[in-house]
Amino acid sequence: MTAYERKSIDELLRITTTLVERKDDSAPITVHAAVSRFAVLYEKVRNAVDYRAEHLLRKAAIVRILKRQIALEGDAEAVANQLIRELIAARYLPNAKLPESIIDDAMIVVKKYLVLKSIGLGDEKHAEWLLGITAAELEELVDDHSEVKGYINFLYEKLENKIRINEGALDDMNRRLQVYIACHRSFVKADDEMIGFKLARAYQPEWMEPANWIKAPHEMAHSMLEVQECVQLALENRLGLKFLNVVKPWAISLRMLQTVLADNPDRKEELLLDPEVLHRQLEIVADKKIKESRAKIRRGTFRAIIYLFITKILIALALEVPAELFLYSEVHYVSLLINISFPPVLMFLVGSLIRMPGKENVNRIKLGVDELMGTETMPEVKIRIPRERGAFGRVMFGSLYALTFLISFGGVFIGLATLKFTWVSSLIFIFFLSIVSFFAFRLRAGAKEYIAIPRKGGITAMFIDFFSIPVLRAGRWLSITVSRFNVFVFFFDFIIEAPFKIFLNILEEWSAFIKEKKDELE
């Protein structure tokens, strides 16, 4: 087997030995163990009613804390102090590890947002966007991302000139930008807020130098409006998914390689110098990751079942039962029982039927590592853009697409009618069928986290897609729409969370007071 390129080996060794140390003599921030237990329990319950991917939970918590503390305090220092302490209490950050100076750094980030928010330029969406990139910046601040940045840059440098596209479809700068975005989305599953922060930082470098503009922020406020527009155009590019699909296999291979090097810190150079030994380690890691992925699927399924069960029961009690009593003077208990039990049962079945990849996938991962690290030129991939359809083609395919909706949902309504469902219970069934199907689709997508081979097509897959895509599209739209009006999230965030966190603060202050009195006795 051909040896790897020395330049690539040296680059990975440099990336994996780069450690940003925070030089600080201040005391570490400590949160009382009892407070932490309560906070962790609360987060588990809170996250059960607002379904999110695990790697996004900390950033979501940052957004939630910022919204609440800014509404209550309005002072950047107080907001930053509470933010860091709550993240530590909930174990999103390590206890007794971070220096107190990190609160000052977080305060500067929060202050940038507050200053621009006070000017009031832009609409509500702009304010939400600013909050999102602020949360992404804070998450990067509290956790060392230097190694991840190094790997993403390594991946980008390897691929930036290897992914081509039809002439005229994109200029070279935007082609490279789409490769960059795809590297982040595939390697760390970054969401739009995370990538938005990185792009905003690139479009407007002064954002990271608040001392230069924070006393006279109006120019920056106008600039960030333009930056948001540029960022949104880049993130919403219609070719973004095609770039992602091309980059993904190499990103998976590089993540596996990252794990191998992290698991063997004393043998990194030895492994990189011997591809055959490295391949054996990649097989071990791939097997380990697949097992972890199965465990993650079980956790995701369990969280989704709890979320669906709670929401379905509450909706049944608040909507379905009163509506049927009002319209029909009775409750149809068979349809009610099916409506309550169907969503969690379907979610359980989908989660248990997900199949993990086999040997073919491991071989593709090893090949991807060889291509990234090898001395031979990496293969060039050309993204093919489908030709524009004429007016007749658009009308014909649009009509066929609409027909799939009629067939899929019409068949479900006919089936429900035979089970004596009322139109109220039928609508609620369709609602949860769409939501659960979309949840299941996202869960299956999570299972593909380490799948580097493309999906195989066929008659069966085409048949399934014909009936499932309308349901999934409806579920996606409903998921986005309903998430904006999630009663349970509102209940937790505004009715429970604020007084609960005040209680935890009092509990922590009381424990510190008792400790002081105890120390006086010694």
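## Overall description

The accessible surface of the protein amounts to about 28400 Å², and carbon and sulfur atoms account for 61% of it. The model is a predicted one. The protein has 522 residues, of which 47% count as buried. Its secondary structure consists of 19 helices and two strands.

Contacts between residues at least 6 apart in sequence can be divided by their separation along the chain: 82% of them join residues at least 24 apart.

## Helix α6 and residue T134

Helix α6 covers residues 124-142. With 19 residues, α6 reaches 27 Å from its first C-alpha to its last, close to the 27 Å expected at 1.5 Å a residue. The helix is mostly covered, since 14 of its 19 residues are buried. At the start of α6, a side-chain oxygen of D123 comes to within 3.2 Å of the backbone nitrogen of K125.

T134 belongs to this helix. Its relative accessibility is 1%, so T134 counts as buried, the cut-off for that class being under 20%. Beyond residues up to four places away in sequence, T134 touches L66, V109 and Y113.

## Helices α11 and α15

Helix α15 comprises the 15 residues 359-373; at 1.5 Å a residue these should span 21 Å, and the end C-alpha atoms are indeed 21 Å apart. The buried residues of α15 are N361, V362, R364, I365, K366, G368, V369, E371, L372 and M373. In general, an α-helix has 3.6 residues a turn, so residues three or four places apart point the same way.

L257 lies in helix α11, which runs over residues 240-263. Because its relative accessibility is 1%, L257 counts as buried. When neighbours within four places in sequence are left aside, L257 is in contact with L12, L272, L278, L282, V369 and M373. Of these partners, V369 and M373 are also among the buried residues of α15. K366, another buried residue of α15, has its C-alpha 9.1 Å from that of L257, although the two residues are 109 apart in sequence.

## Salt bridges

The whole structure contains 22 salt bridges. One of them joins R68 and E86, whose closest N and O atoms are 2.7 Å apart. This pair links distant parts of the chain, with R68 in helix α3 (residues 57-72) and E86 in helix α4, 18 residues apart. Both R68 and E86 are buried.

A further salt bridge is formed by the side chains of K288 and D263, at 3.5 Å from N to O. K288 lies in helix α13 (residues 275-328) and D263 in helix α11, so the pair ties together parts that are 25 residues apart in sequence. K288 is partly exposed, with a relative accessible area of 37%, and D263 is likewise partly exposed, at 40% relative accessibility. E140 and K149 also meet through their side chains in a salt bridge, at 3.1 Å from N to O. E140 counts as buried at 14% relative accessibility, whereas K149 is partly exposed, with a relative accessible area of 36%. E140 and K149 are linked with K198 and R201 in a network of salt bridges.

## Nonpolar surface patch

A nonpolar patch of about 700 Å² on the surface is made by F392, M396, F397, L400, L403, L406 and I407. F397, one of these residues, is placed in helix α16, which spans residues 391-418. Its relative accessibility of 43% means that F397 counts as partly exposed.

## Loop residues with positive phi

R91 occurs in the loop between α4 (76-89) and α5 (101-119). Its phi is near 65°, a positive value in a residue other than glycine. At 55% relative accessibility, R91 counts as exposed, the class that begins over 50%.

K189 occupies the loop between α8 (172-187) and α9 (192-203). Although K189 is not a glycine, its phi is positive, at about 55°. K189 is partly exposed, with a relative accessible area of 30%.

Definitions and conventions: Residues are numbered from 1 along each chain as its sequence is written. This is a predicted model: local features need pLDDT of at least 70, side-chain atom pairs count only at pLDDT 80 or more; totals for chains, interfaces and linings use all residues. Side-chain values use heavy atoms; hydrogens and water are left out. Helices (H or I, at least four residues) and strands (E, at least two) are DSSP runs, numbered from the N terminus. The expected span of a helix is 1.5 Å times one less than its number of residues. Buried means under 20% relative accessible area, exposed over 50%, partly exposed in between (1.4 Å probe, protein chains only). Contact means heavy atoms within 4.5 Å. Patches are made of residues with over 30% relative accessible area and no salt bridge: like charges are joined within 9 Å, nonpolar side chains (Val, Leu, Ile, Met, Phe, Trp, Tyr) within 5 Å. Accessible areas come from the Shrake-Rupley method with a 1.4 Å probe; for residues, only the protein chains shown count as cover. A salt bridge is a side-chain nitrogen of Lys or Arg within 4 Å of a carboxyl oxygen of Asp or Glu. A polar contact is a pair of N or O atoms within 3.5 Å; within protein, one must be able to donate a hydrogen and the other to accept it, and residues adjacent in sequence count only if both atoms are side-chain atoms.
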